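Here's a walk through the pockets, the chain contact and a few backbone oddities of this model. Have the structure open as you read.

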Amino acid sequence: MSFDEKSPAGFALAKVEDFVGWAHSASLWPVTMGLACCAIEMMAFGTPRFDGSRFGMEVFRASPRQADLMIVSGRVSHKMAPVVRTVYDQMADPKWVISMGVCASSGGMFNNYAIVQGVDHVLPVDIYLPGCPPRPEMLIHAILELQKHVIKGQAFGPHRKEIARKAEEAALNATPTHEMKGLLA
Amino acid sequence: MSDETTPMPHERGGTDKQPASSDVAKPARGGQGIGEVKGVHAASLIPEPKNAVEALVAPVAGFGVTMATLFKPVVTEQYPREKAPVEPRYHGRHQLNRYPDGLEKCIGCELCAWACPADAIYVEGASNTPEAQYSPGERYGRVYQINYLRCIFCGLCIEACPTRALTMTNEFELADQTREKLIFTKDDLLAPLREGMLAAPHPMAEGTTDGSYYQGEVTGPTADEVEWVRRNRPDEPSLESATAAAKRGSARSEGSAGAAS
């Protein structure tokens, strides 16, 4: 954006950020992508009984270009991982990821050579959701948790640079996913 | 198209208007439009309005379903505002139970970890000592972790548990932001102390074995247990309610003893 390169950090910018965060959180559009059985529960989330439109997200966008949210619903095989990453890359910023179910989050019970042991090896995940599969209410809960995170707002201008610098520093200090041991592996 | 890869535009237009008999006349060409069935015309599938009223209503007739739904009961669950109803035996988050006097039921046998198909449970047992008795008998679970990003809530651990220490609750709101937060430790899983329970560690009720605990013969903390905790941990918060429970328990046992004699 052009205006956010020069605009000063102050009260007005903070208000703009708050407004944008509120707007984002109230209309997270998920991308139409289902990988396995969790996708059935994700589809149930769109039905009248659970009604995703109560949270402004009844439209599962068929094009990743129009989506803000990726719900990784199901196990990610090594063959599927580059495809999932491509869909993620095609989504426009800002974008968020929910790792739905244990298989997407850590490999779950499929601790074998075929399944990626957690989609966070290939994507930055915002919310991890346990369950096998999680019931739609659990997905709603995860979405509400994500909204709490999104409503904090999108950083612009000097704030964005500051946050990017901090995020980079934290990422450099963090343990890489492939080096995690014990139950985290 | 039956045999041609690219249809000729004028032929498609032609067959649309021609009757079915023309198809029979030139069977080699086939010549139907994409998605069309031989001898059926798309226009003939739409019913003609029978009278003037039907013709008037026809454009909005599709809203009939919408209108009828307005008068049907609402099926939507108001989940975040109203708690979603789950079955009583729903497989939710685990809980490590306690005996009525506050000792833990878990004996650190690791059978749950062995039963787990997803290797989500990690247990380390340790020996009870007279100074720190956490569970009746010899052993207790010193480290107890469940990784909720592996757990598939199948309940095989519950079936494996020999002391009914591990059960499942109806709680399902577990989503969180990091993988570390979703490894629940013993602090998170241990059942909260109910009214009258005395926090472990403390010795077993006098004159009992782990068997009598298992058979439900211990119904609350005894005066000796309370006294032990008061001597060793004077600022234990559960002391107050446990003292009252111990008094009630001793009064009841004296009463029953009197009735028996």
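## The largest pocket

Keep in mind that this is a predicted model. Let's start with the lining of the largest pocket: by class, it has 20 nonpolar, 8 polar and 8 charged residues. The space inside comes to about 1300 Å³. To find the spot on your screen, look for Pro124(A), Val125(A), Asp126(A), His149(A) and Ala167(A), which lie nearest the centre among the 36 lining residues.

Which elements of chain A give two or more residues to this lining? They are α2 (11-25), β2 (96-100), α6 (136-150) and α7 (157-173). The top contributor is α7(A), which puts 7 residues into the lining.

## The second largest pocket

Next comes a pocket of about 320 Å³, the second largest. It's lined by 20 residues, and those closest to its centre are Thr219(B), Gly220(B), Pro221(B), Gly249(B) and Arg252(B). If you sort the lining by class, you get 7 nonpolar, 8 polar and 5 charged residues.

## Where the chains meet

Now for the contact between the chains. Chain A brings 37 residues to it and chain B brings 34. The size of an interface is often quoted as the accessible area that is lost when the parts come together. Here chain A and chain B bury about 3000 Å² between them, with 59% of that on carbon and sulfur atoms. Three residues stand out on the chain A side: Tyr128(A), Leu183(A) and Leu184(A) supply 23% of the area that chain A buries against chain B, more than any other three residues.

How many residue pairs are in polar contact between chain A and chain B? The count is 9, with both residues of each pair at pLDDT 80 or more. On the side of chain A that touches chain B, the elements giving two or more residues are α5 (101-106), β3 (127-129) and α6 of chain A. Of these, α6(A) gives the most, with 8 residues. By class, this side of chain A has 18 nonpolar, 11 polar and 8 charged residues.

## Salt bridges

Side chains of opposite charge can pair up when their charged atoms come close. Over all chains, the count comes to 13 salt bridges, and 2 salt bridges are found across the interface of chain A and chain B.

One to look up is the salt bridge between Arg179(B) and Asp120(A), whose closest N and O atoms are 3.0 Å apart. Where do the two partners sit? Arg179(B) is in the loop between β4 (166-168) and β5 (183-184) of chain B, while Asp120(A) is in the loop between α5 and β3 of chain A.

## Enclosed cavities

Besides the pockets, there are 4 cavities of 30 Å³ or more. The second largest cavity has a volume of about 90 Å³. Lots of cysteine names turn up here: Cys106(B), Cys109(B), Cys112(B) and Cys161(B), together with Ala165(B), lie nearest the centre of this cavity, out of 14 lining residues. Is its lining mostly nonpolar or charged? The split is 11 nonpolar, 2 polar and 1 charged.

## Backbone oddities

Two cis peptide bonds in chain A are worth a look. One joins Asp93(A) and Pro94(A), with omega at about -5°. Pro94(A) is found in the loop between α4 (81-90) and β2 of chain A. Another runs from Cys132(A) to Pro133(A), with omega near -15°. Pro133(A) is in the loop between β3 and α6 of chain A.

Over in chain B, check Asp119(B). This residue has a positive phi of about 50° even though it is not a glycine. It lies in the loop between α5 (111-115) and β2 (121-127) of chain B.

Definitions and conventions. Residues are numbered from 1 along each chain as its sequence is written. Chains are lettered from A and ligands numbered from 1 in the order in which they are written. This is a predicted model: local features need pLDDT of at least 70, side-chain atom pairs count only at pLDDT 80 or more; totals for chains, interfaces and linings use all residues. Side-chain values use heavy atoms; hydrogens and water are left out. On a 1 Å grid over the protein atoms alone, a cavity is a set of points where a 1.4 Å probe fits but cannot get out, and a pocket is an open set with protein on both sides within 12 Å along at least five of seven lines; lining residues have an atom within 4 Å of a point. Grid points are joined across faces, edges and corners, and a volume is the space filled by probe spheres set on the points. Helices (H or I, at least four residues) and strands (E, at least two) are DSSP runs, numbered from the N terminus. Ala, Val, Leu, Ile, Met, Phe, Trp, Tyr, Cys and Pro count as nonpolar, Asp, Glu, Lys and Arg as charged, and the others, Gly among them, as polar. Contact means heavy atoms within 4.5 Å. Buried area is the accessible area (1.4 Å probe) that two parts lose on being put together, summed over both. A salt bridge is a side-chain nitrogen of Lys or Arg within 4 Å of a carboxyl oxygen of Asp or Glu. A polar contact is a pair of N or O atoms within 3.5 Å; within protein, one must be able to donate a hydrogen and the other to accept it, and residues adjacent in sequence count only if both atoms are side-chain atoms.
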